[in-house]
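Colleague: Could you take me through one part of this model in close detail? I would enjoy a connected account that starts at the metal site and works outwards.

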Amino acid sequence: MKTSAWILNLIKNMKGAFLLSFLLLMLEAGTNLATTGLQKWLIDDVLIKGQYDQLFKVVSLFAAAFISYAVLYTLSPYVMQRNELILIARIQEKLLYTLQSIPFSEYRKKQTTKYVHYFNNDALLIADVLAAQIPKAIQSLVTAVSLTLIIGYISPVLLVIVLWLSISYYVASKKMGLKTKVISREVQDRKTELLVHIEEGIASTREVVAYHRRSWESAIYNGLFEKYFKVVMQEGKLQNKISFISEPLKWGTNIAVIGYGAYAAMHEQISLGVFVIMYQFSFQLVTNYQQLFDIVIQLYNRKALFERVREVLDLEPEAEGQEALPVPIDEVCFEQVTFTYEEDTKPVLRQVNLRIPRGRKVALVGSSGSGKSTIAQLMLRLQVPDEGTIRVNQVELDSIKRSEWLNRLSVVPQEPYFFPETIRTNLILGLSEVSDHHLQKVLEMTRVDDLIRDLPNGLDTVIGERGMTLSGGQRQRLAIARALLKDPEILILDEATSALDTETEYFIQKMLDLHRAGRTTIMIAHRLSTIVNADIIYVMENGRVVEQGTHDELMKGNTVYKRLFTAQVMNNQNEMVSIP
Ligand SMILES: Nc1ncnc2c1ncn2[C@@H]1O[C@H](COP(=O)(O)OP(=O)(O)OP(=O)(O)O)[C@@H](O)[C@H]1O
Ligand SMILES: [Mg+2]
């Protein structure tokens, strides 16, 4: 889509509001011109020719023009600001929607704070260009054309002088404008860099304090601020230079008009009234040209923002899939799945074959980094296989409607995210129908009921950002409860009980086995004691499935599984022995 088409699409349904702001600005400019024009009438006809009977009329018209100007002057910013706010909301909503529908892999290309900067900087500046700067540019243009015609009519010589001075200003400021474009881009980039650092600095407070790195952190901040400061000062200097050029333009015009006007008035080529308004009109014309040029240069500078935001908005959304989800889900199969996170790096999964039959407990075990969580990501469709396919009852997973699939699947991730909201909000997470009975049952199964009993506001206790006010084990219990509330057909638990004490882990495992009997559960676990009763255990190593079978089958012979299991048992025994 071209930028112009994109803008038109953005201001869809707002044409009336935009027209209104143009109209108000035009009327504002018109009344402003009228107040100056009326002075000629007052001076030439009323004062010089002595037509005192017209005084009341002239004064009334002055009053009407001033009142209209005052009303319009307050009304037009209001309408423009309203348009601007609506546009900001639209751009931000589009950005959020796009970011939530693009492939997950796109996120790795930028830091999250950079995306945040698009929301609270770029969106605001774009809305300002469309709702305020462009209408003001049109107002200046129309006023400048009207003034050019009026001055040209009064005195062509004067018009030539004013035009010549204005063109010189334009040429000089354009040259500077090109330099400011480079610097203002630099200012934006340095500002983003600084903001990114500040946000990350706040997020990493715990680590910085724990590792005594405050002075190291301050040094980085100071370095970044210095760079930012330098470019801002450079930008300021350039702007001062532009003002330095614009001032002589104003003096030049003043001197030319006073000299030429006084000469023409003395020789009675123009009346005194014309001399007065000519002086004011030419001054207004110069000011208008300046405004117009400044806006044009600013628009030119902000073009980059439009491109930056459109680059994000133009990202292809992930395919949603059209096929209905087969009911019930009899089996999910990975067929020769190979997957790589980054191009030109070695695959994280290699020709993986898995069969996850309905109602079974399937376990994925293996060393750290062997690719277990990646399998959960592929199941969630956050990533897509490079080769091979994932099938649900023979239907390719990618072709199934995403929403239907995700409604039937719950994942407890290794590092669950929590909103800084109440426990209830974090558990329900927008689910529309959750009965109190079901909620209570899930709270008991996951021992979250024990947790909330000790909290002053129970379920309505607000937990800190990312659940910081909870312990690791408490967070895991909440995450399991959240997944179970959905009553999913397939449940994936990725190291979901690793931070729990043995007794609680055993209790929750028993509850899960009991309540999810006949439902598909995939367990990713390091503690093998939690999966010994699984129907199928897949053992992974370096992105490959190296063994599969039940616990008893895998304990026969010299298997990787047996080695892992024996090592854990030995370890546990040693720990038991070392406890006095
Ligand atoms: N977002 C990512 N971008 C790039 N590489 C990644 C990403 N996530 C994981 N990896 C890499 O993929 C490999 C498999 O990671 P994965 O998280 O699937 O391992 P895992 O078996 O779950 O390990 P663990 O038991 O430690 O949780 C690792 O080598 C890891 O470095
Ligand atoms: Mg993992």
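Modeller: Gladly; here is a walk from the metal site to its surroundings, and then to the helices elsewhere in the chain.

Please keep in mind that this is a predicted model. The magnesium ion (ligand 2) has two protein donors, the OG atom of Ser-373 and the OE1 atom of Gln-414, at 2.0 to 2.3 Å from the ion. Ser-373 belongs to helix 9 (residues 372-379), while Gln-414 sits in the loop between strand 6 (409-412) and helix 11 (423-428), so the pair ties together parts that are 41 residues apart in sequence. Both donors fall in the middle class of accessibility: Ser-373 is partly exposed, at a relative accessible area of 24%, and Gln-414 is partly exposed too, at 40%.

The helix that carries the serine donor deserves a look of its own. Helix 9 has 8 residues, of which 6 are buried, so this helix is largely enclosed by the rest of the structure. Those buried residues are Lys-372, Thr-374, Ile-375, Ala-376, Leu-378 and Met-379. Ser-373, with its 24%, is above the 20% under which a residue counts as buried, and is therefore partly exposed. After helix 9 comes Arg-381, which has a positive phi, near 65 degrees.

Arg-381 leads us on to Lys-401, since the two are in contact. Lys-401 is placed in the loop between strand 5 (395-396) and helix 10 (402-407). Leaving out residues up to four places away in sequence, Lys-401 also touches Glu-320, Gly-321, Gln-322 and Glu-323. The lysine is partly exposed, with a relative accessible area of 32%. For a sense of scale, the C-alpha atoms of Lys-401 and Asn-121 are separated by 35 Å, and the two residues are 280 apart along the chain.

Another loop residue to inspect is Thr-340, found between strand 1 (331-339) and strand 2 (349-357). Thr-340 is buried, at a relative accessible area of 18%. Beyond residues up to four places away in sequence, the partners of Thr-340 are Thr-345, Lys-346, Pro-347, Val-348 and Asp-386.

Now for the wider layout. The chain is divided into domain 1 (3-313), domain 2 (322-408 + 490-580) and domain 3 (415-487). From the C-alpha centre of domain 1 to that of domain 3 is 51 Å.

In the earlier part of the chain, helix 2 (residues 15-48) packs with helix 4 (residues 112-154) at an angle of about 35 degrees, and their axes are 10 Å apart. The crossing of helix 2 past helix 4 is right-handed. On the helix 2 side, the contact includes Phe-18, Phe-22, Leu-25, Met-26 and Leu-33, and on the helix 4 side Leu-130, Ile-138, Val-142 and Leu-147 are among the residues involved. By class, the residues of this contact comprise 12 nonpolar, 4 polar and 2 charged.

Helix 3 (residues 55-101) holds the last residue of our tour, Thr-98. Thr-98 is buried, with a relative accessible area of 10%. Apart from neighbours within four places in sequence, Thr-98 is in contact with Val-312, Leu-313 and Leu-315. Measuring tools in your viewer should show Thr-98 and Ala-63 at 52 Å from C-alpha to C-alpha, with their positions 35 residues apart in sequence.

Definitions and conventions
Residues are numbered from 1 along each chain as its sequence is written. Chains are lettered from A and ligands numbered from 1 in the order in which they are written. This is a predicted model: local features need pLDDT of at least 70, side-chain atom pairs count only at pLDDT 80 or more; totals for chains, interfaces and linings use all residues. Side-chain values use heavy atoms; hydrogens and water are left out. Donors are N, O and S atoms within 2.8 Å of the metal (3.2 Å for Na, K and Ca); water is not among the atoms, so sites may look incomplete. Helices (H or I, at least four residues) and strands (E, at least two) are DSSP runs, numbered from the N terminus. Buried means under 20% relative accessible area, exposed over 50%, partly exposed in between (1.4 Å probe, protein chains only). Axes are lines fitted to C-alpha atoms, for helices over the stretch in contact, and angles run from 0 to 180 degrees between N-to-C directions. A crossing is left-handed if the near helix is turned anticlockwise from the far one by less than a right angle, and right-handed if clockwise. Contact means heavy atoms within 4.5 Å. Ala, Val, Leu, Ile, Met, Phe, Trp, Tyr, Cys and Pro count as nonpolar, Asp, Glu, Lys and Arg as charged, and the others, Gly among them, as polar. Domain bounds come from an automatic or database domain assignment.
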